[in-house]
Amino acid sequence: MFFSVVIPTYNRKPILEKCLLAMEHQVLRSPAAGSADSAANVEGYEIVLVDDGSTDGTVEWMQSNAATFPHVKLYEQNHEGAAIARNFGVQQATGDTIIFIDSALVVLDGFLQHHADALTGAYEQGNERVFTYGRVVNTCNFDEPTSEPFKVTDMSRAFFATGNVAIAKRWLLEAGLFDAKFTQYGWEDLVLGVRRKNRGLSLIKCPEAVGY
């Protein structure tokens with residue numbers, strides 16, 4: 001399993017830095033020699049960052065700090081919205097599994113591994129038509145976002161939301177990507193989720209894959 005973490009961003013440089021640093025510090029479990037533990041089989045990951053026409057110096061900052069973010073592949077587009085940015089990111093992704101997060105999400109170091117374990121567990125039971133949905137904890141604590149406790153108001157009933165979701169790339173390509181008519185915040189991920197649901201994909205909640 002190789003992850004492509006697709007992140008659209010627009011004028012979020014201060015929190016984007018925290019987001020990308022957290023993604024660069026992921027801890028992936030390596031299987032012991034001779035082990036058949038496929039739950040640990042994560043070959044690696046890339047971060048596909050699509051800048052959606054930022055005017056706050058995001059691109060220049062990324063170019064100046066490229067060595068700090070070795071997993072990041074930076075792409076640029078005109079300001080066309082998150083749906084088009086995510087579609088472009090998926091098209092550029094080289095991984096077999098896509099993870100969508102927002103550029104304002106700060107994850108813990110086991111984030112990728114938890115998504116991998118949940119997906120692999122389903123695959124081993126013969127169910128490949130699945131995707132995993134992690135937990136998002138909302139916080140206004142910019143300095144220490146991961147100190148925020150989970151709250152009842154953080155619970156989500158969404159079937160598919162791009163704030164924290166992992167899905168095999170082929171399921172995204174099978175029935176089309178995000179609807180480009182959605183140029184403002186929201187809805188494009190919910191509509192895509194309906195299309196996935198109609199094709200028999202099921203949701204696996206993965207609260208261990210938490211982002212703040």
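The following paragraphs lead through the structure, from the chain as a whole to its strands and cysteines.

The structure is a predicted model. The chain contains 6 helices and 7 strands. Read from the N terminus, these elements follow the order β-α-β-α-β-α-β-α-β-β-α-α-β. Of the 212 residues in the chain, 47% are buried. The accessible surface of the chain amounts to about 10200 Å², and carbon and sulfur atoms contribute 52% of this area. Among the contacts with a separation of 6 or more, 79% join residues that lie 24 or more positions apart in the chain.

Strand β2 is a suitable place to begin a closer reading. This strand spans residues 44-52, and 9 of its 9 residues are buried. In a regular strand, the side chains alternate between the two faces of the sheet. How, then, are the two faces of β2 covered? On one side, Gly-44, Glu-46, Val-48, Val-50 and Asp-52 are all buried. On the other side, Tyr-45, Ile-47, Leu-49 and Asp-51 are buried as well.

The partners of β2 come next. Strand β1, which comprises residues 2-9, pairs with β2 in the parallel sense over 8 bridges. Within this pairing, Ser-4 has Glu-46 of β2 as its bridge partner, and Pro-8 has Val-50 of β2. Strand β3, formed by residues 72-77, also pairs with β2 in the parallel sense, over 6 bridges. Here the bridge partner of Asp-51 is Glu-76 in β3. Between β2 and β3 the chain passes through helix α2, residues 58-64, and this β-α-β crossover is right-handed.

Strand β1 has a further partner. It pairs with strand β4, residues 97-101, in the parallel sense over 4 bridges, and Val-6 has Phe-100 of β4 as its bridge partner. Is β1 largely enclosed or open? Because 7 of its 8 residues are buried, β1 is largely enclosed by the rest of the structure.

The cysteines complete the account. How many disulfides does a search of the whole structure find? The search finds 0 disulfides. Two cysteines may nevertheless be considered for their burial, for which the cut-off is a relative accessible area under 20%. Cys-19 has 0% relative accessibility and therefore counts as buried. Cys-206 has a relative accessible area of 2%, so this residue is buried too.

Technical notes
Residues numbered from 1 in each chain as written. Predicted model: local features only at pLDDT ≥ 70, side-chain atom pairs only at ≥ 80, totals over all residues. Heavy atoms only, no water. Buried < 20%, exposed > 50% of the residue type's maximum accessible area, 1.4 Å probe, protein only. Contact = heavy atoms within 4.5 Å. Areas by Shrake-Rupley, 256 points an atom, 1.4 Å probe, with all protein chains shown as cover. Pairing = 2+ DSSP bridges. Right-handed = clockwise from strand over helix to strand, strands pointing away. Disulfide = S-S within 2.5 Å.
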